[in-house]
Amino acid sequence: GTTTIDVEDRWYNEEWKKMAKDQPMPVERRSLWAPTRRREQGKLECWVDIISATEARYKPPINVSLPPPEEYEVRVVIWKLHAASAEIQDFFVKCQLGDGKPQATDTHWQARHGCGSFKYR
């Protein structure tokens, strides 16, 4: 999506200039629009810091790099299995997230009418 900011309008606005000198610029939450959609396609958090070349020499740039990656644990709980195709059958569910190790539930023996229940975490 895209968003539009009228930088020229802000540059010539005295109120904007005064605010920029007195305090850090506020973070704006702007809508992202796609030309083929009627609804917004997301949000962008940003701030616009407009300064002259002279002011830029004395104002250090702000570090906006990504934070270091973190590890998370994902837990999947499978309680029931519905609409399987057999009248009586043994069921288990096996899943794998990304390149991780595949894991399987316990086996629900002789499940009737295509429904199985799992009480295992």
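**How much of this chain is buried?**

What percentage of the 121 residues in the chain do buried residues make up? The figure is 16%. Keep in mind as you read on that this is a predicted model, and that residues are numbered from 1 along the chain as its sequence is written.

The surface tells the other half of that story. The chain exposes about 10,900 Å², and carbon and sulfur atoms supply 52% of that area.

**Overall dimensions**

A compact globule of 121 residues would have a radius of gyration near 14 Å, whereas the value for this chain is 28 Å. The extents of the C-alpha trace can be set beside that number: along the principal axes, the trace spans about 80 × 35 × 20 Å.

One pair of residues gives a feel for these distances. Thr54 and Phe92 are 38 residues apart along the chain, and their C-alpha atoms are separated by 68 Å.

**Elements, contacts and charges**

The secondary structure consists of 3 helices and 8 strands. Reading from the N terminus, the order is α-α-β-β-α-β-β-β-β-β-β. Among contacts with a sequence separation of 6 or more, 39% are between residues 24 or more positions apart.

On the charge side, there are 19 positive and 18 negative side chains. The centres of these two sets lie 6 Å apart.

**Strand β1: Glu28 and Arg30**

Let's zoom in on strand β1, which covers residues 28–32. Glu28 belongs to this strand, and so does Arg30. Glu28 has a relative accessible area of 14%, so Glu28 counts as buried. Arg30 is also buried, because its relative accessible area of 18% falls under the 20% cut-off.

The side chain of Glu28 makes a polar contact with the side chain of Arg30 at 3.2 Å. A second polar contact, at 2.7 Å, joins the side chain of Glu28 to the side chain of Arg10. Arg30 has a polar partner in the backbone too: a polar atom of its side chain lies 2.5 Å from the backbone oxygen of Thr4.

What surrounds these two residues, leaving aside neighbours up to four places away in sequence? Glu28 touches Arg10, Trp16, Leu44, Glu45, Cys46 and Val48. Arg30, with its neighbours within four places likewise set aside, is in contact with Thr3, Thr4, Ile5, Arg10, Gly42, Lys43, Leu44 and Cys46. Arg10, Leu44 and Cys46 therefore appear in the contact lists of Glu28 and Arg30 under the 4.5 Å cut-off.

**Gln41, between β1 and β2**

Further along the chain, Gln41 sits in the loop between β1 and β2, the latter being residues 42–46. Is Gln41 buried, partly exposed or exposed? With a relative accessibility of 43%, Gln41 counts as partly exposed.

A polar atom of the Gln41 side chain lies 2.8 Å from the backbone oxygen of Arg39. Not counting residues up to four places away in sequence, Gln41 touches Leu32 and Ala34. There is also a link back towards the start of the chain: Gln41 and Gly1 are 40 residues apart in sequence, yet their C-alpha atoms are 6.2 Å apart in space.

**Helices α2 and α3, and the loop that follows**

Lys17 is part of helix α2, which covers residues 14–22. At 32% relative accessibility, Lys17 is partly exposed. Its C-alpha lies 9.0 Å from that of Ile51, a residue 34 positions away in sequence.

Helix α3 takes in residues 53–58 and contains Thr54, the residue met earlier in the 68 Å pair with Phe92. Thr54 has a relative accessible area of 45%, so Thr54 is classed as partly exposed.

After that comes Ile62, in the loop between α3 and β3 (80–81). Why is Ile62 classed as exposed? The reason is its relative accessibility of 54%, because exposed means over 50%. The C-alpha atoms of Ile62 and Ser31, 31 residues apart along the chain, are separated by 23 Å.

Note on methods:
Predicted model: local features only at pLDDT ≥ 70, side-chain atom pairs only at ≥ 80, totals over all residues. Heavy atoms only, no water. Helix = DSSP H or I, 4+ residues; strand = E, 2+ residues; numbered from the N terminus. Buried < 20%, exposed > 50% of the residue type's maximum accessible area, 1.4 Å probe, protein only. Polar contact = N/O pair within 3.5 Å; in protein donor to acceptor, adjacent residues only side chain to side chain. Rg over C-alpha atoms; globule rule 2.2 N^0.38 Å. Areas by Shrake-Rupley, 256 points an atom, 1.4 Å probe, with all protein chains shown as cover. Lys, Arg positive; Asp, Glu negative; His and termini not counted. Charge placed at Lys NZ, Arg CZ, Asp CG, Glu CD.
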